[in-house]
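Biologist: I am new to this structure and would like a close look at a single part of it. Could you take one helix and describe what it packs against and what surrounds it?

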Amino acid sequence: MNIFLVHLLWTVLLPLAVSGVLYFILRGFVPKLALPVAMVVAYLVTYVVVRPGWPSFPPREYRDYIFIMAVVGLIWSILEPFWRKNVITRWVPRAVVVVGFLLLLLRNRFRSWSTLEDVLWLLGLAIFFLLSWWVLEGLVENPKPVLPVWAFLIAFILWTAVFSAMSATHGSSSMAQLGGVLAAAVGVVMVLSWFLKVELNPYFSTAFIFILGTLLVCALVFPNPGIPIFAGIIIALSPLLLLVVKATPTLRGHILRLAVFALPLLVMTAIFVIRFLATYNEPSF
Amino acid sequence: MNYFRGLLVAIFVTVSFASAQTETYTNADPIRSFVYYQVDYGNFGREMGRFNTFDYTIVRDTADPSKSTIEFNVDATSMDSGVDQRNQDITGPDFLNVAEFPTISFKSTSVTDVGDGNLEVTGDLTVRGTSQPVTATVEYIGEGEGSQGEYRVGYYAEMTFNRQDFGIDWLTGVIGDEITLLISVSGIRQ
């Protein structure tokens, strides 16, 4: 079988199977945690299979952090409710963990940047990571969620698919593949949530943002050329449009919200994919 | 007393003579040295490319070649396969990850004279931040005075390693596991 087809099958089928089975097993025991645990475990299992192998520990390079941050995100989502009492106890520890992660991840890059570049990258990435977290949490934590699960399903899959397409056209097929793994893992647990009428919760949004945020930071910083900064900003902040668009909670309103969210992402991706195909003289391999 | 003085003189002469047998050669003329790589493409092709920027130091002990040392540093960002897209892919995070690990280096740990000036050099090769022992076969090309009066020595070396040993495991099955570095140097004596 074609090696690329094998990769594609692993990328899609393995996370589908693992997250689906885990979700069914866990939802009876830990209903609120079933969704994030199933998603993260499926992501980690597929990471080990497609890479192939375990990450180095202590982490040595970007791809080790992609694995470790998924674990940290899951643990964080489970433990945070114990100390999260107000805005300060919620956001100060989050800022510390995000800045700490970025300092470790970027330490090899700091050698090739000036001090000003170090500070700008560190602050910029930290702000966008935290902002995405805030937006995502705002979307799922509202007393009445902004969107029904089926609309979230479309939004999340589109979000991760756009990341994958941008990564594939900007120097890293392996990051694009991991974006695809995340899309598959998220997709199946959300389809199941939809059928079983389970609402999303902050456990899920925290675990999800740790994975996608880490992937996005890596895709911005390590390939040459990486995803352009303005494209990264559009990807990171596009869910904000779901929050700010005022629409009635009807089918038409949900579709309007999704359309406003999707439009900049799709236009941007189309431009980059067309440009990539036009300049792609011959296949690399 | 005279005995000790004589002994000291003998040691001094010996050390001076020995150090005189050590010559250092560097990449002072980079256009006459080359670092190429080759790797199989599936079962039906072999791709080649080069690194345009590198430096090396060869400390050659002519009296006792086993005491010679070789150090090599290749700027991994200078990888040139002749295809821009492929350069981006190979230097990118899926393969060499030069953003985090911009240098490929080799430092000899043992040198064996295998006759006719040829050498077998074992050392630590560092690629993508991972070091592994690798052995290179080194062919002695020759030496002599160049056109500018400089003194040169020429060597050609090949070293083969498994890329997965260095964590380069993307697209196994498409790109071969074994990578061979082909290194030709015309070092100038310092």
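Modeller: Two helices count as roughly parallel when the angle between them is under 35 degrees. With that cut-off in hand, and bearing in mind that this is a predicted model, we can turn to helix H10 of chain A, residues 229-237, which packs with helix H6 of chain A, residues 115-141, at an angle of about 25 degrees, their axes lying 9 Å apart. H6(A) and H10(A) are therefore roughly parallel to each other. On the H6(A) side, the residues that meet the partner helix are Trp121(A), Phe128(A), Leu131(A) and Ser132(A), and on the H10(A) side they are Ile229(A), Ile233(A), Ala236(A) and Leu237(A). Sorted by character, the residues of this contact comprise seven nonpolar, one polar and no charged.

Within H10(A) itself, the buried residues are Ala231(A), Gly232(A), Ile235(A), Ala236(A) and Leu237(A). The cover over these buried residues includes not just H6 but also helices H7 (149-168), H9 (202-221), H11 (239-244) and H12 (251-279) of chain A.

One of those covering helices, H9(A), leads on to the wider setting, since the largest nonpolar core has 94 residues and H9(A) gives the most to this core, with 14 residues. The members of that core that touch the most others are Met39(A), Tyr43(A) and Phe208(A). Setting aside neighbours within four places in sequence, Phe208(A) is in contact with Met39(A), Leu136(A), Phe156(A), Trp159(A), Thr160(A), Leu182(A) and Val186(A). There is also a second, separate core, made of 42 residues, which includes Tyr37(B), Tyr56(B), Val98(B) and Ile168(B).

Technical notes: Residues numbered from 1 in each chain as written. Chains lettered and ligands numbered in written order. Predicted model: local features only at pLDDT ≥ 70, side-chain atom pairs only at ≥ 80, totals over all residues. Heavy atoms only, no water. Axes fitted to C-alpha atoms, helices over the stretch in contact; angles between N-to-C directions. Helix = DSSP H or I, 4+ residues; strand = E, 2+ residues; numbered from the N terminus. Parallel < 35°, antiparallel > 145°, perpendicular 65-115°, else oblique. Contact = heavy atoms within 4.5 Å. Nonpolar A, V, L, I, M, F, W, Y, C, P; charged D, E, K, R; others polar. Buried < 20%, exposed > 50% of the residue type's maximum accessible area, 1.4 Å probe, protein only. Core = buried A, V, L, I, M, F, W, Y, C linked by side-chain atoms within 4.5 Å.
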